[in-house]
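Here is a quick tour of one protein chain, from the whole fold down to one residue and one helix. Have the sequence and the model open as you read.

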Amino acid sequence: EKHTMSLTSHEVAAAHIASVYMDAAASVRKAIAIIDEAARHGAELITFPEAFIPGFPVWAALWAPIYNHDWFKKMAANSIHIDGPEIAQIGPPAKRNGIVVSLGFSESTEASVGCIWNSNVIIGDDGSILNHHRKLVPTFYEKMVWAPGDGHGLRVCQTRIGRIGALICGENTNPLARYSLAAQGEQIHISAWPAIWPTRMPKSGQNFDNVAANKIRAGGHSFESKVFGILNAGFMDQAMLDVLTEGGDAQAREVLENTPRAATQFLDPTGASVGDFLQNEEGIAYATFDLNACVEPKQFHDIVGYYNRFDVFDLSIDRRRITPATFRGPNSASSKQSRSSEPVQDSQVASSETMEE
């Protein structure tokens with residue numbers, strides 16, 4: 001059943017928070033505490049960074065793959081199922097507080113002990129799963145950790161506080177992924193980012209400026225789609241830094257201590273900054289979004305309305321969930337793997353029962 005929605009002001013929050021690094025259970029407990037705190041401050045939506053559970057695998061940038069087997073095993077062991085007990089713990093506090101939650105997590109699967117995805121789940125203020133997205137393409141060294149996702153989660157969720165969409169990190173570089181959300185009437189766009197994303201040794205002077213790059217991408221989407229933006233970056237605390245360098249690797253410590261930290265911030269439908277800005281300290285950022293501000297800019301350019309040429313451009317999006325096999329025959333009807341090969345209709349509302357499909 002669709003919510004009735006009015007274009008009004010809403011309080012939103014973004015958790016510029018460190019994971020309990022490579023510890024899924026402890027990170028879930030921390031997430032629940034943050035949900036409660038944000039709700040006490042009046043937030044109607046709380047977002048979390050990329051791979052908050054169990055933390056972003058920055059170790060893939062620091063060392064060659066031959067040195068990362070133990071890290072990968074730890075990451076796989078702390079990756080979680082969409083229908084597992086960890087995600088199930090997030091629903092009750094969302095419902096209790098009447099708050100929408102967007103959570104980044106590393107996802108595992110019953111089909112493999114080593115296949116994991118960079119995923120995001122949006123949970124409604126009634127505690128139900130509204131959408132489950134797997135990052136389409138792991139970026140740069142993430143390819144050594146996560147598998148490519150699919151188009152199943154390219155959906156905008158209609159909620160009491162507006163139409164919410166989310167993309168993970170580098171997906172916000174992909175104009176077609178962003179357009180697919182704009183074409184569903186998106187009003188609030190969540191982009192989730194890691195705390196740190198090293199690409200070079202600090203002394204080279206050419207390290208990736210993720211503060212500028214992230215705002216360019218998210219700002220472009222806010223301006224083009226006339227939507228509010230939430231840029232939610234992670235935070236690297238001392239505990240994370242220490243566990244990554246506990247072997248005494250001075251070069252790794254130099255990289256982590258001198259690579260630019262990502263920032264958490266908010267944008268209005270013109271791409272301008274609103275609300276809080278957090279970068280070098282851990283905390284929850286807050287902003288007020290007046291959805292009425294999405295309307296006037298549509299007079300200038302509505303890329304999913306009159307300001308396009310649908311006779312010239314044609315975009316088709318495949319939302320089928322990719323699966324390793326399709327099983328037929330006795331007992332196949334109960335197999336999630338066999339059901340998942342069925343295409344999902346645009347009109348179908350995603351629920352906790354269909355998320356694995």
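What follows starts with the chain as a whole, then turns to confidence, a single residue and a helix.

Bear in mind that this is a predicted model. The protein chain holds nine helices and twelve strands. Its radius of gyration is 20 Å, close to the 21 Å that the globule rule gives for 357 residues, so the chain is as compact as a globular protein of that length. If you lay the C-alpha trace along its principal axes, the spans come to about 55 × 55 × 45 Å.

Here are some whole-chain numbers in one place.

| Property of the protein chain | Value |
|---|---|
| Residues that count as buried | 55% of 357 residues |
| Contacts joining residues at least 24 apart, among those at least 6 apart in sequence | 70% |
| Accessible surface | about 15600 Å² |
| Part of that surface belonging to carbon and sulfur atoms | 54% |
| Distance between the mean positions of the positive and negative charges | 3 Å |

The charges behind that last row are 30 positive and 41 negative ones.

How far does the predictor trust all this? The average pLDDT is 91, and 91% of the residues score at least 70. Residues 334-357 are another matter, with a pLDDT below 50. That stretch still has 49 contacts in the model beyond near neighbours in sequence.

Now zoom in on I34. Which helix holds I34? I34 sits in α1, which runs over residues 24-40. Is I34 buried or exposed? With a relative accessible area of 7%, I34 is buried, because the cut-off for that is under 20%. Leaving aside residues up to four places away in sequence, I34 touches A15, I17, I46, F48 and I284. As for G275, 241 residues separate it from I34 in sequence, while the C-alpha to C-alpha distance is 18 Å.

Helix α5 is worth a look too. Why can α5 (residues 175-182) be called largely enclosed by the rest of the structure? Six of its eight residues are buried, so that description follows. The buried ones are A177, R178, Y179, S180, L181 and A182. And what covers them? The cover includes two strands, β7 (162-168) and β8 (188-193), along with helix α6 (210-225).

Definitions and conventions:
Residues are numbered from 1 along each chain as its sequence is written. This is a predicted model: local features need pLDDT of at least 70, side-chain atom pairs count only at pLDDT 80 or more; totals for chains, interfaces and linings use all residues. Side-chain values use heavy atoms; hydrogens and water are left out. Helices (H or I, at least four residues) and strands (E, at least two) are DSSP runs, numbered from the N terminus. The radius of gyration is taken over C-alpha atoms; the globule rule is 2.2 Å times the number of residues to the power 0.38. Buried means under 20% relative accessible area, exposed over 50%, partly exposed in between (1.4 Å probe, protein chains only). Contact means heavy atoms within 4.5 Å. Accessible areas come from the Shrake-Rupley method with a 1.4 Å probe; for residues, only the protein chains shown count as cover. Lys and Arg count as positive and Asp and Glu as negative; His and the chain ends are not counted. The place of a charge is taken as NZ of Lys, CZ of Arg, CG of Asp or CD of Glu. pLDDT is the predictor's confidence in each residue, from 0 to 100.
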